[in-house]
Amino acid sequence: MTIEMGLLGAHLREHEVSPEAARVVEEAGYGTLWLDASPPADLLPVQRLLDATTRLRVATSVVNVWTADPVTVAASYHRIEAAHPGRFLLGVGIGHREVDTGYTAPYDTLVSYLDVLNSRGVPADRIVLAALGPRMLRLARDRTAGTVPCLVPPVHTRGARAILGAGRMLLPGHFAVLDDDIERARATARSGPPGQALRVANYAANLRRLGYTDQDLAGSGSDALIDALTAHGDAATVAARLTAHLEAGANQVGVYPLGDDPVTVLRGVADAFFAAHTPSRPGE
C-alpha cells in the first residue's frame, strides 16, 4: 500500500539537512522530508533522518541511476523498511546528460533499473520517478506509485494528472523565496536552480512543451518564467501560490526553500500554509 505523504513536503540537500533540521521540519507539520541531489546507494543519510524523527516520512529526490547501483539501493530499501516500516519512499531519476557520464538511452536504462529493483523485492508502490515528459509520466503510471517532478509550474501538474490518472501519486516541488521585494526575490531565484537549471536539456525541453519560448529560457530566465517557477513574497502569498499545485491535482506540493536560511523558510511557509488549511498541522 502506498504510504501517506501529507499535503506539504520539504526539500533539502544533504548539506542543508541534519537530524536537528529534520526534527524542525517534522514539528512544523511537513509530511515528508525529501533528500535531494543524488543520495548514495547505501541511503545512510535517509536512515539517519528517520532515526532522528518519529512520524516524518523521508524520500529521495532522487537516487540517480548512473551513480547508485540498484542492487545496493534495493538492499538499503529493505534495511530502512525493517527499521522504519512505512516511512520511506524511494524516488529514482535518470539524471542529466550534461553531468552524468555515459548518459544514453534514458528510457530503457530507467526501465532496466526498475526491473532490478522489482526483482530484488522493492515494491512498485514504494517507488516514484522524476518524470517530466509524457513518456516518462506513462512509465511512472505503469511501473511505480507516481512521480516527483521538479522545476514545474502548476500547469504541468494539471497535465501530469491527466496522464497519471487518479490512482498514482503526483508530488511536484516548487521553489520558494520569502521576500517582499520582487526584484530581490527574482535575483535569489535566478542565482539558484530556477535560473541555473534552464541550461539543462531535460528541464528546458519540458518548459518548451508548456509553451515557454527561447526568449523565456535565455540567460537565467524571463521574469514571467521565474515567477512561474518560484513562489515569492510574504509567507501567506507563498503558501497560496503553492496551493495551486494541489488545486491542479497534486497529492502533495514540495517546498524547495531558497535563501541563506532554508529551514527558516520552510518553517515560515508551513505556518502560513497550515493557517489556511483545515485540518491544520498533523497531530493537532
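In the predicted model, Ala176 stands opposite Pro257 of strand E11. Ala176 also has a bridge partner in strand E10, namely Ala231. The strands concerned are E9 (residues 173-178), E10 (residues 230-233) and E11 (residues 253-257). E9 pairs with E11 in the parallel sense over four bridges, and its pairing with E10 is likewise parallel, over four bridges. Strand E9 is mostly covered, with five of its six residues buried.

A second region centres on Arg87, which is located in the loop that connects helix H3 (70-83) to strand E5 (88-93). Arg87 is buried but forms no salt bridge. The nearest side chain of opposite charge belongs to Glu26, at a distance of 4.7 Å; this separation does not satisfy the criterion for a salt bridge, because a side-chain nitrogen must lie within 4 Å of a carboxyl oxygen. The side chain of Arg87 instead reaches backbone oxygens: that of Leu50 at 3.4 Å, and that of Leu56, which lies 2.9 Å from a polar atom of the Arg87 side chain. Beyond residues up to four places away in sequence, Arg87 touches Ile3, Leu50, Thr53, Thr54, Arg55, Leu56, Arg57 and Val58.

Leu56 can also be related to helix H1 (residues 19-28), in which Glu27 lies. The C-alpha atoms of Glu27 and Leu56 are 9.1 Å apart, although 29 residues separate the two in sequence. Glu27 has a relative accessibility of 60% and therefore counts as exposed, whereas Arg87 is buried.

Key:
Residues numbered from 1 in each chain as written. Predicted model: local features only at pLDDT ≥ 70, side-chain atom pairs only at ≥ 80, totals over all residues. Heavy atoms only, no water. Helix = DSSP H or I, 4+ residues; strand = E, 2+ residues; numbered from the N terminus. Buried < 20%, exposed > 50% of the residue type's maximum accessible area, 1.4 Å probe, protein only. Lys, Arg positive; Asp, Glu negative; His and termini not counted. Polar contact = N/O pair within 3.5 Å; in protein donor to acceptor, adjacent residues only side chain to side chain. Contact = heavy atoms within 4.5 Å. Pairing = 2+ DSSP bridges.
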